[in-house]
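Reader: Hi, can you walk me through this structure? I'm new to this, so keep it simple.

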Amino acid sequence: MIPTPISASEPDSESDAASGLTDGPTDDFLTDPAQALRVMMEGNARFVSGNPEHPNQDAGRRTALAPAQRPFAVLFGCSDSRLAAEIIFDQGLGDLFVVRTAGHVTGAEALGSIEYGVSVLDCPLVVVLGHDSCGAVAAALDSLEQGRMPSGFVRDVVERVTPSVLSAKAAGIEDRDAIVDVHIRQTVDLLVERSQALAARVAEGKVAVVGLSYRLLDGRARLVSAHGPVG
Ligand SMILES: [Zn+2]
C-alpha cells in the first residue's frame, strides 16, 4: 500500500500534504521495525520520568488525520484500565493501532485486527503488552489450582491463558509475574505461528513482533521477546 501523506500543520495545503507529517516525534512514516520500537520505548521513558510530551493530540493533528491513518505500530495489549496505550507510550492520534483483550488472549477477531494493522495499514511493528499482577493470568492460575472454571464468557479468557500457565508450571516457574512473562512470550509466538500474514512479513524483515512486560508501579515497559529485526 502506498503511504497516504498527511500534513499536521497545513491540512488543506496539497503541497504540504505531499511532504508528509510535520509535527511530533512520529512525523516521518516509520517503515523500520527497530526504529518503530525505539519510538515506543522513548515515549515510555518520557512517561516513566514524568516528562511526557503528549504529541499529536491537538486539533491540527485531528484534522490532518481525518482523510487517512498511518499508525506506526499495532499494540495488542491486556485490557487492564491501567494500560492505556497512548498514555503509557506517550503517543497521540494516529500513532498506534490498538487491539486489547483481557489477558491479551487471541481469537479470530483479535488476529484479524492485528493482521489488518500489518497488511492493510503497513505497520512495521506489533507489540504484545502484558503486565505484572494481570487479573486474567491470576484467574487462570486460580482456576487450575482450585479445579473450577469461571462461568460465562470469562471462561473463554481463562481457557486461552491456561496453556501459558501450564507451560510455565511445567518449567518449574511459580512466581506469578514470571508466569506473566511466559504468557507474553507465548502470545508473541502464537501470533507469528497462527498468522501467515505476520509470519511472511517477519521472514522478509519488514515487520517485528515483540513482547513487552509493563510494571504497574513505575510504568516501565521491558522487552521480553522479539521476532524479526529490532536490532
Ligand atoms: Zn491484565
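Author: We'll go through the sheet, then the helices, then some single residues. One thing up front: this is a predicted model.

Reader: Ok, the sheet. In what order do the strands come?

Author: The order is S2-S1-S3-S4-S5. These five strands form an open sheet, and the pairing is mixed.

Reader: Which strands stand at the edges?

Author: Strand S2 (96-101) and S5 do. Each has a single partner strand, so one side of each is left without a neighbour in the sheet.

Reader: How much does the sheet twist from one strand to the next?

Author: The twist averages 20° from one strand to the next.

Reader: Let's zoom in on S4. Is it buried or exposed?

Author: Mostly covered. S4 spans residues 208-214, and seven of its seven residues are buried.

Reader: Which residues are on each side?

Author: One side has Ala 208, Val 210, Leu 212 and Tyr 214. The other has Val 209, Gly 211 and Ser 213. Both faces of S4 are covered.

Reader: What lies across S4?

Author: Helix H8 is one element there. H8 lies across S3, S4 and S5, and runs at about 165° to S4. Helix H2 (residues 33-49) also lies across S4, along with S1, S3 and S5. H2 runs at about 35° to S3.

Reader: And how does S4 pair with S3, parallel or antiparallel?

Author: Parallel. Strand S3 (residues 125-131) and S4 share seven bridges. Val 127 has Val 210 in S4 as its bridge partner. Val 128 stands opposite Gly 211 in S4.

Reader: How many bridges join S4 to S5?

Author: Six, and here the strands run antiparallel. S5 covers residues 221-227. Ser 213 stands opposite Arg 222 in S5.

Reader: What sits between those two strands?

Author: S4 and S5 make a hairpin with six residues between the strands. In that hairpin, Gly 219 takes a positive phi near 80°.

Reader: New topic, helices. How many residues does H6 have?

Author: Twelve, residues 135-146. H6 reaches 16 Å from its first C-alpha to its last. That is close to the 16 Å expected at 1.5 Å a residue.

Reader: Which H6 residues are buried?

Author: Ala 136, Val 137, Ala 139, Ala 140 and Leu 141 are buried.

Reader: What covers them?

Author: The cover includes strand S1 (73-78), helix H7 (154-170) and helix H8 (176-194).

Reader: At what angle do H6 and H8 cross?

Author: Their axes cross at roughly 105° and come within 10 Å. That makes H6 roughly perpendicular to H8.

Reader: Which residues meet there?

Author: From H6, Val 137, Ala 138 and Leu 141. From H8, Arg 176, Ile 179, Val 180 and His 183. They divide into five nonpolar, one polar and one charged.

Reader: What comes just after H6?

Author: Gly 147, which takes a positive phi of about 70°.

Reader: You keep mentioning positive phi. Which residues other than glycine have it?

Author: Asp 122 is one of them, with phi near 65°. Asp 122 lies in the loop between helix H5 (108-120) and S3. Ser 133 also has a positive phi, of about 55°, although it is not a glycine. Ser 133 is found in the loop between S3 and H6.

Reader: How many C-beta atoms surround Asp 122 within 10 Å?

Author: There are 19 others, so Asp 122 is partly exposed. The cut-off for buried is 20 or more. Ser 133 has 14 within 10 Å, so Ser 133 is partly exposed too.

Reader: Last one, Val 202. Where is it?

Author: In helix H9, residues 196-203.

Reader: Is Val 202 buried or exposed, and why?

Author: Val 202 is buried because 22 other C-beta atoms lie within 10 Å.

Reader: What is Val 202 in contact with?

Author: Leaving aside neighbours within four places in sequence, Val 202 contacts Val 192, Val 207, Ala 208, Val 209, His 227 and Gly 228. Two of these names came up before: Ala 208 and Val 209 are in S4.

Reader: How far is Val 202 from Pro 124?

Author: Their C-alpha atoms are separated by 9.2 Å. Along the chain, the two are 78 residues apart.

Terms used. Residues numbered from 1 in each chain as written. Predicted model: local features only at pLDDT ≥ 70, side-chain atom pairs only at ≥ 80, totals over all residues. Buried ≥ 20, exposed ≤ 12 C-beta atoms within 10 Å, placed from the backbone. Helix = DSSP H or I, 4+ residues; strand = E, 2+ residues; numbered from the N terminus. Pairing = 2+ DSSP bridges. Expected span 1.5 Å × (residues − 1). Contact = placed C-beta atoms within 7 Å. Axes fitted to C-alpha atoms, helices over the stretch in contact; angles between N-to-C directions. Parallel < 35°, antiparallel > 145°, perpendicular 65-115°, else oblique. Nonpolar A, V, L, I, M, F, W, Y, C, P; charged D, E, K, R; others polar.
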